[in-house]
Amino acid sequence: MKVLVTGATGLVGSHTARKLIAAGCEVHALVRNGANRSLLSGIESSITWQEGDILDLGALESAIRQVDYVVHAAAVVSFVPRDRKMMYKVNVEGTANVVNVCLKYPIKKLCHVSSIAAIGRPDSRKFQAGREVVLNEDQRWEDSPENSEYAKTKHLAELEVWRGIAEGLGAVIVNPTVILGEGDWTRSSTQLFRYVYKENPFYTEGIANVVDVQDVAEVIEKLLFSNISGERFLLNAGSITYENLFSLIADAMGKMRPAYQVKPWLAGIIWRIEAVRTWLLGTKPLITKETAKSAARKIRYDNRKIREALDFSFQPVEKSVSRISESLLGKI
């Protein structure tokens with residue numbers, strides 16, 4: 001079976017490529033010239049490479065017409081205002097291109113790697129004080145100040161996939177929560193490990209919903225070759241406070257645990273200071289208005305649908321943190 005993976009050099013794409021190769025699939029990857037392939041170390045020669053990206057229709061057509069299945073994991077993840085134009089172009093227009101080409105060269109199935117952000121956040125003014133908010137696949141997008149620009153792009157990207165499904169495309173959508181995995185700890189969610197390794201003393205009061213990248217890759221493989229189509233699945237191993245998550249990482253890495261909780265009012269001051277520093281120096285901020293709001297949320301996500309559909313069990317966060325910490329420490 002021939003499978004194209006877009007975003008193969010990223011965290012989810014690289015682990016998915018490894019999973020598919022281990023399963024005996026012929027993996028193709030669409031990659032930009034000069035892209036960092038370090039996460040694919042050891043399997044580069046096992047991949048059929050196609051230079052280009054999802055905004056390059058010629059390269060996209062050339063790649064898709066050679067395969068039977070497509071895993072679309074390419075996306076721009078950013079909470080920095082200056083990245084918004086490119087984020088909309090890649091996440092929305094790029095996904096529309098993938099869907100259109102999959103319809104033109106009928107493939108067996110597309111698996112779209114979305115985000116938990118794409119299901120949207122209810123307006124916080126509707127929350128009842130003291131009542132836990134639990135969301136599942138039935139949550140429908142609603143305009144809310146709780147939704148980031150990134151969330152909006154992933155929602156619009158999903159609409160393109162649903163359009164493709166309505167036009168006869170076999171497709172599934174997965175919505176991972178915060179993904180924990182071995183990767184570049186200066187990028188994506190792996191930065192959490194770097195933050196704790198540097199013994200930063202602060203944590204927020206919110207809840208982190210997390211999932212192991214190995215589980216995400218396994219679910220993608222199982223869904224891709226299953227009879228399931230026209231469905232979306234939330235991927236969440238469980239919920240944990242940021243205090244407990246950071247403490248787990250600190251213990252696994254032999255570092256001091258963060259000891260000071262950042263209250264919402266203080267986070268508001270910090271992101272404003274970071275915005276000014278970013279504007280002056282042209283660097284990326286450590287925290288933005290959107291990430292500050294996200295880290296303070298207390299929302300949990302129900303994983304029952306995927307567990308029952310695939311009889312699937314997620315790895316406990318303690319096991320994931322231990323493995324990933326060991327891997328990252330070995331590269332220092």
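1. Let's start with helix α2. In this predicted model, the buried residues of α2 are A59, L60, E61, S62, A63 and I64. That makes six of the eight residues in the helix, which spans 57–64, so α2 is mostly covered. The cover involves several elements: the buried residues of α2 pack against the strands β1 (2–6), β2 (26–31), β3 (47–51) and β4 (69–72), and also against helix α3. Note that E61 and S62 are on the buried list together with I64.

2. One residue to look at from the α3 side is N97, which sits in that helix. Is N97 buried or exposed? Its relative accessibility is 9%, and because buried means under 20%, N97 counts as buried. Leaving aside residues up to four places away in sequence, N97 touches I54, L55, L57 and L60. L60 is one of the buried residues of α2, so you can follow this contact straight back to point 1.

3. Helix α3 also has a helical partner. How do α3 and α4 lie relative to each other? Helix α3 covers residues 84–104 and helix α4 covers residues 149–166; the angle between them is about 10°, with the axes 9 Å apart. Angles under 35 degrees count as roughly parallel, and α3 and α4 therefore fall in that class. On the α3 side, the contact is made by R84, M87, Y88, N91, V92, T95, A96, V99, N100 and L103. On the α4 side, the residues are E149, Y150, K152, T153, K154, L156, A157, E160, V161, R163 and G164. By type, the residues of this contact divide into ten nonpolar, five polar and six charged. The spacing along each helix fits a general rule: an α-helix has 3.6 residues a turn, so residues three or four places apart point the same way.

4. Now for the nonpolar interior. The largest nonpolar core holds 35 residues, and the members touching the most others are V3, V174, V219, I220, L223, L235 and I306. Which helix gives the most to this core? Helix α6 (residues 213–224) does, with six residues. A second core, separate from this one, has 21 residues, including L4, I64, A74 and C102. I64 will be familiar from the buried part of α2. As a general point, nonpolar side chains in soluble globular proteins tend to be buried together.

5. V174 is a good place to enter the largest core. It lies in strand β7 (residues 171–176) and is buried, with a relative accessible area of 0%. Beyond residues up to four places away in sequence, V174 touches C111, H112, V113, S114 and S115, as well as V219, I220, L223, F233 and L235. The C-alpha atoms of V174 and R232 are separated by 5.6 Å, although the two are 58 residues apart along the chain. From the other side, V219 touches V174, L235, I306, L310 and F312, again not counting residues up to four places away in sequence.

6. I306 brings in a later part of the chain. This residue is found in helix α10 (residues 304–310), and its relative accessible area of 0% makes it buried. Apart from residues up to four places away in sequence, I306 touches V219, L223, F233, L234, L235, D311, F312 and F314. The C-alpha atoms of I306 and V174 are 9.4 Å apart, with the two positions 132 residues apart along the chain.

7. Two backbone positions deserve a second look. E199 has a positive phi of about 60° although it is not a glycine; it is found in the loop between α5 (191–197) and β9 (202–204), and is partly exposed at 38% relative accessible area. D311, also not a glycine, has a positive phi near 50°. D311 is placed in the loop between α10 and α11 (317–329) and is exposed, with a relative accessible area of 72%. D311 is also one of the residues that I306 touches.

8. Finally, the overall numbers. The protein chain has eleven helices and 14 strands. Of its 332 residues, 52% are buried. Among contacts between residues at least 6 apart in sequence, 77% join residues at least 24 apart. The chain exposes about 15700 Å², and carbon and sulfur atoms supply 50% of that area.

Key:
Residues numbered from 1 in each chain as written. Predicted model: local features only at pLDDT ≥ 70, side-chain atom pairs only at ≥ 80, totals over all residues. Heavy atoms only, no water. Helix = DSSP H or I, 4+ residues; strand = E, 2+ residues; numbered from the N terminus. Buried < 20%, exposed > 50% of the residue type's maximum accessible area, 1.4 Å probe, protein only. Contact = heavy atoms within 4.5 Å. Areas by Shrake-Rupley, 256 points an atom, 1.4 Å probe, with all protein chains shown as cover. Core = buried A, V, L, I, M, F, W, Y, C linked by side-chain atoms within 4.5 Å. Axes fitted to C-alpha atoms, helices over the stretch in contact; angles between N-to-C directions. Parallel < 35°, antiparallel > 145°, perpendicular 65-115°, else oblique. Nonpolar A, V, L, I, M, F, W, Y, C, P; charged D, E, K, R; others polar.
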